[in-house]
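Q: Please take one part of this model and describe it closely. I am new to it, so define terms as you go.
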Amino acid sequence: MSRTREVPTAADRPEDQGVTLVYSWEVEPGREAEFEELTHEIADVAAGFCGHEGIVWLRPHRGQRLYHGVLRFSSQDRLDAWLRLPERRAWLEHMRAVGHQVSHVQRQPTGMETWFSLPQRPVDAPPRWKMTLMTMLGAYPISLAINWLIAPHTAALPVPLKALLFPLLVAPLLTYLIMPGLSRLFRRWLYGEEPRSGVK
């Protein structure tokens, strides 16, 4: 696929609020590798498109076949232009050969979506106050452990190095371990959903 780069227009004003699309695709058994290769292709195309702010693909939970794509754009106009792009339409045709789109939902970004596991179907992001409380709940035990176990042994280090320890430890633990676990544990409270059998 060729990469398309657009010249910024008035639609890309800094005050425009970004938008997020969440896609769900069910992939045919045995064609997962082909599907993932296609997601890399469209990510390369999107990376050169004006207003694109990132795309993340979430692999299925064990025993499931649903992939979730989280696509962010700087404005509604930029998103609309992307949806009309011929390269994207051609990509969709290839995608439909290996799976089918279950649904998609558009929502305003909160900046913390990737810290929360998406359910098996797209829903609105949790309210910001709930995500803030969950983030505080996740960050507190790490902060406590750092101050209790690590800080006493770093007294001789320069302040910049001591300060660096916190983000180096907290960011990976929150992103890959604590927040996904908390979002599953408090799924009903965060998303307002009844737990479904077979879904953890």
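A: The answer below follows one helix, its partner and the spaces beside it.

This is a predicted model, in which local features need pLDDT of at least 70 and side-chain atom pairs count only at pLDDT 80 or more, while totals for chains, interfaces and linings use all residues. Residues are numbered from 1 along each chain as its sequence is written, and side-chain values use heavy atoms, with hydrogens and water left out.

The part is α1, residues 32–47. Helices (H or I, at least four residues) and strands (E, at least two) are DSSP runs, numbered from the N terminus.

Helix α1 packs with α3 at an angle of about 175°, their axes 11 Å apart. Axes are lines fitted to C-alpha atoms, for helices over the stretch in contact, and angles run from 0 to 180 degrees between N-to-C directions. α1 and α3 are therefore roughly antiparallel to each other (over 145 degrees; under 35 is roughly parallel, 65 to 115 roughly perpendicular and the rest oblique). On the α1 side the contact (heavy atoms within 4.5 Å) uses Phe-35, Leu-38, Thr-39, Ile-42 and Val-45. Facing them from α3 are Glu-87, Arg-88, Trp-91, His-94 and Met-95. By class, this contact has six nonpolar, two polar and two charged residues. Here Ala, Val, Leu, Ile, Met, Phe, Trp, Tyr, Cys and Pro count as nonpolar, Asp, Glu, Lys and Arg as charged, and the others, Gly among them, as polar.

Empty space comes next. On a 1 Å grid over the protein atoms alone, a cavity is a set of points where a 1.4 Å probe fits but cannot get out, and a pocket is an open set with protein on both sides within 12 Å along at least five of seven lines; lining residues have an atom within 4 Å of a point. Points are joined across faces, edges and corners, and a volume is the space filled by probe spheres set on them.

There are three cavities of 30 Å³ or more. The largest holds about 100 Å³. Its lining includes Ile-42, Arg-88 and Trp-91, which also take part in the contact of α1 with α3. Among the other lining residues are Tyr-23, Trp-25, Ala-46, Ile-55 and Trp-57. Two or more residues come from each of β1 (19–27), α1, β2 and α3 (86–95), with α3 giving the largest share, three. The lining divides into ten nonpolar, one polar and one charged residue.

The second largest pocket has about 170 Å³ of space. Glu-36, Thr-39, His-40, Ala-43, Ile-55, Trp-57, Leu-58, Arg-59 and Tyr-67 line it. Here α1 gives the most, four residues, and β2 (52–58) also gives two or more. Five of the lining residues are nonpolar, two polar and two charged. Ile-55 and Trp-57 line this pocket and the largest cavity too.
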